[in-house]
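Trainee: I'd like to learn how to read a structure like this one. Can we go through it together?

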Amino acid sequence: MLHTPFTKSLALSGCLLLTLVTGFASIALGQTAMSLDTVWQALFAYDDSVVNHIIVRANRLNRAVLAVLVGSSLAVSGALMQALTRNALASPSLFGINAGALFFVALAFTFLSLTSVSQFIWFAYLGAAVAGVLVYVLGMSGPAGLSPVRIVLAGAAMTALFVAFTQGLLILNQESLEGILYWLGGSVAGTSFDTMKPFVPFFLIALFATALLVRQINLMMLDEAVARSLGQRVLATRLALGAIVVVLAGGSVALAGMIGFIGLIIPHLARGLFGRDHRWVLPASALLGASLMLGADTLSRFIVPPQEIPVGALTALVGTPFFIIVARKRSPAL
Amino acid sequence: MSHVLLRNRSQSLALAFHRRTLIGCALALLALSGLLLLSLCLGSSVLTPTEVFSAAFQADSDHRFVVHTLRLPRALLAVLVGAGLGVSGAVLQQLVRNPLASPDIVGVTDGAAVAAVLFLAWGSALSLDWLPPLAIAGALVSSALIYGLAWRGGVLPIRLVLVGIALAAALKAITTLVLVMSPLSTTVRAYVWLTGSLYGAQWQDVGGLLPWSLTLLPLTLLFARQLGLMGMTDSHALGLGLAVARYRLLLLVCSVGLAGSAVAFAGGIGFVGLLAPHLARGLTGQTMVGRLIGSACTGAALVLIADLIGRTLFLPQDLPAGIFVSAVGAPFFIYLLYRRRH
């Protein structure tokens with residue numbers, strides 16, 4: 001862990017550099033590899049007669065931007081959830097929020113035949129909110145109180161429930177199976193800037209609100225009674241943070257499908273580097289989450305070429321060993 | 001009097017039957033046989049009970065084909081699958097001392113699913129008879145992995161659950177990978193399998209599952225007393241003279257075997273293992289034997305009803321039973337969680 005502000009800002013700049021490097025890699029590498037020079041020109045001196053420039057602008061760039069958006073939102077929402085519940089295993093995918101959003105979007109797809117993304121944005125948020133509230137209420141209350149296992153199990157059961165429903169919908173409606181299946185695995189490919197546009201303001205507002213609430217988040221890490229005696233309006237802060245989590249995680253699911261474990265791993269890494277002060281942890285989470293997502297997305301193009309692997313499956317495979325290590329380390333004290 | 005006590009003259013052996021358990025089990029078994037009869041009667045052609053009986057037992061009946069070849073094996077398979085999943089869930093919930101555990105949440109079902117999907121995608125050269133043994137092997141491997149990874153000088157129930165959930169996520173990811181990378185025709189088939197369906201059940205399926213049920217169900221009942229003690233903390237159970245680690249492993253193997261074999265023949269029917277023990281608790285009382293028998297009956301009834309709905313309400317379509325188990329089970333599960341808050 002780093003202690004002085006100087007080393008911390010150095011490390012944060014390192015994270016930023018990492019994001020930029022992985023971002024460039026994600027644009028440059030793929031079925032058609034490009035030189036850095038070409039990428040640079042495509043970004044800043046666009047010429048629509050060059051094929052590689054078109055590939056960068058129409059395919060790679062939006063993909064990289066979406067990866068950054070989704071990766072950082074998931075990581076930040078995971079960090080917020082872990083602070084909010086004081087539970088090392090809290091994250092959007094484990095608490096069923098991803099699955100809830102997925103089910104509601106699939107429901108809207110199947111029965112309402114929605115065409116534009118801006119319409120099912122609200123379904124994604126609604127699903128994320130419903131699942132989040134259900135898991136929180138079911139897992140947090142009762143005699144055991146803040147029992148991590150209870151809430152993780154409630155989340156797992158809720159995930160099983162929503163995924164089962166989604167599967168049922170898919171079987172009733174087999175034409176849409178292939179498209180949704182890829183999305184079920186989680187993917188950032190093939191989403192245009194136009195599709196992303198309606199989501200961006202929400203993401204920005206949520207990130208801005210997070211930045212404003214950072215002191216409150218630090219206090220939420222304390223015992224509830226202590227936080228209250230320090231003048232916190234605990235309930236109001238909880239609700240605000242919950243809404244932020246829903247917007248960030250629900251929006252990510254609506255755009256990129258089920259991408260698990262980023263919200264679990266990254267906050268742990270960020271806290272390992274920067275300690276418990278969320279003024280450092282949150283920006284670091286955002287940058288590291290974006291880097292991991294960019295890296296995973298780039299990697300997913302090279303495992304079984306020419307096919308691409310759903311990036312969500314990749315993050316799940318990377319995340320599982322990590323989860324098991326955390327679970328083994330923490331469990332005796334649970 | 002709440003007990004019926006049987007003992008030999010020297011009083012060296014005594015068996016106590018709780019009256020409530022006895023009555024509850026008898027009622028549950030009765031209801032189950034009624035459901036079984038109903039599911040034999042209903043379908044695209046509706047038969048009377050007498051016709052069903054004659055078709056089942058006489059070779060020259062008009063409805064021989066419908067009842068004996070189509071409906072009977074399917075209904076029996078539903079009963080066996082449901083009973084296996086129900087008991088497996090009851091054992092697992094007692095072992096990890098948490099009412100939210102179940103084989104499909106803790107990674108056992110997902111191990112079977114990975115094996116099955118791999119087989120469906122790339123094993124088409126082999127005959128379909130290989131699917132059940134491979135799925136059972138998958139369940140065993142995944143649960144051995146969970147047990148091994150949860151081991152740190154002993155296995156705590158909490159670690160078992162957490163590692164199970166983690167592994168379930170990884171196995172689901174592998175399933176998705178295989179599904180995406182295989183051709184669409186396999187994908188649809190694998191998807192139906194994953195949801196859980198009893199479509200096209202034959203006598204040989206019943207025959208394949210029966211040995212598992214006949215060995216593992218009585219074995220679990222035999223260990224009911226030890227299973228009851230497992231519900232206390234480890235130190236209490238140890239203090240009462242129970243070899244905790246040994247019985248945990250043994251009962252876990254029973255639970256995995258039951259769930260794995262059920263999933264192998266019917267696909268990933270979810271929520272039965274989670275729900276059946278809760279339903280049984282209200283029905284057959286708090287004794288462990290009663291809860292196990294009750295879980296078997298309610299699990300069987302759940303799958304039977306779900307399959308009945310799937311094949312009768314949406315004629316001519318035959319929808320996978322798994323959808324309806326989830327549809328019935330999920331709201332009920334939320335209600336259970338809500339009620340247990342206090």
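Mentor: Sure, and let's start with a term: a residue is buried when its relative accessible area is under 20%, and exposed when that value is over 50%. Keep in mind that this is a predicted model.

Trainee: Okay, take A:D297 and A:R301: are they buried or exposed?

Mentor: Both A:D297 and A:R301 are buried. Their side chains also meet in a salt bridge, with N to O at 3.1 Å. A:R63 joins in too, since A:R63, A:D297 and A:R301 are linked in a network of salt bridges.

Trainee: How many salt bridges are there over all chains?

Mentor: The rule counts eight. For each one, look at the distance, then at where the partners sit. In chain B, the closest N and O atoms of B:D307 and B:R74 are 2.8 Å apart. B:D307 belongs to helix α13 (residues 288-312) of chain B and B:R74 to helix α3 (residues 64-95) of chain B, so this pair ties together parts 233 residues apart in sequence.

Trainee: Why do B:D307 and B:R74 count as buried?

Mentor: Because B:D307 has 3% relative accessibility and B:R74 has a relative accessible area of 10%, while the cut-off is under 20%.

Trainee: Which residue forms a salt bridge with B:D110?

Mentor: That's B:K172, with the closest N and O atoms 3.6 Å apart. The pair links distant parts of the chain, 62 residues apart: B:D110 is in helix α4 (residues 108-122) of chain B and B:K172 in helix α6 of chain B. B:D110 is buried at 9% relative accessibility, whereas B:K172 is partly exposed at 39%.

Trainee: On to the interface: how much area do chain B and chain A bury between them?

Mentor: About 4200 Å², with 80% of it on carbon and sulfur atoms. After the area, check the pairings: the rule finds zero salt bridges across this interface, and zero residue pairs in polar contact with both at pLDDT 80 or more. On the side of chain B that touches chain A, α6(B) gives the largest share, 17 residues. By class, that side has 36 nonpolar, six polar and four charged residues.

Trainee: What about confidence in chain A?

Mentor: Its pLDDT averages 82, and 90% of the residues score at least 70. Then go element by element: in chain A, helix α7 (residues 177-185) has the lowest mean pLDDT, 66, and helix α14 (residues 278-300) the highest, 91.

Methods: Residues are numbered from 1 along each chain as its sequence is written. Chains are lettered from A and ligands numbered from 1 in the order in which they are written. Side-chain values use heavy atoms; hydrogens and water are left out. Buried area is the accessible area (1.4 Å probe) that two parts lose on being put together, summed over both. A salt bridge is a side-chain nitrogen of Lys or Arg within 4 Å of a carboxyl oxygen of Asp or Glu. A polar contact is a pair of N or O atoms within 3.5 Å; within protein, one must be able to donate a hydrogen and the other to accept it, and residues adjacent in sequence count only if both atoms are side-chain atoms. Helices (H or I, at least four residues) and strands (E, at least two) are DSSP runs, numbered from the N terminus. Ala, Val, Leu, Ile, Met, Phe, Trp, Tyr, Cys and Pro count as nonpolar, Asp, Glu, Lys and Arg as charged, and the others, Gly among them, as polar. pLDDT is the predictor's confidence in each residue, from 0 to 100. Buried means under 20% relative accessible area, exposed over 50%, partly exposed in between (1.4 Å probe, protein chains only).
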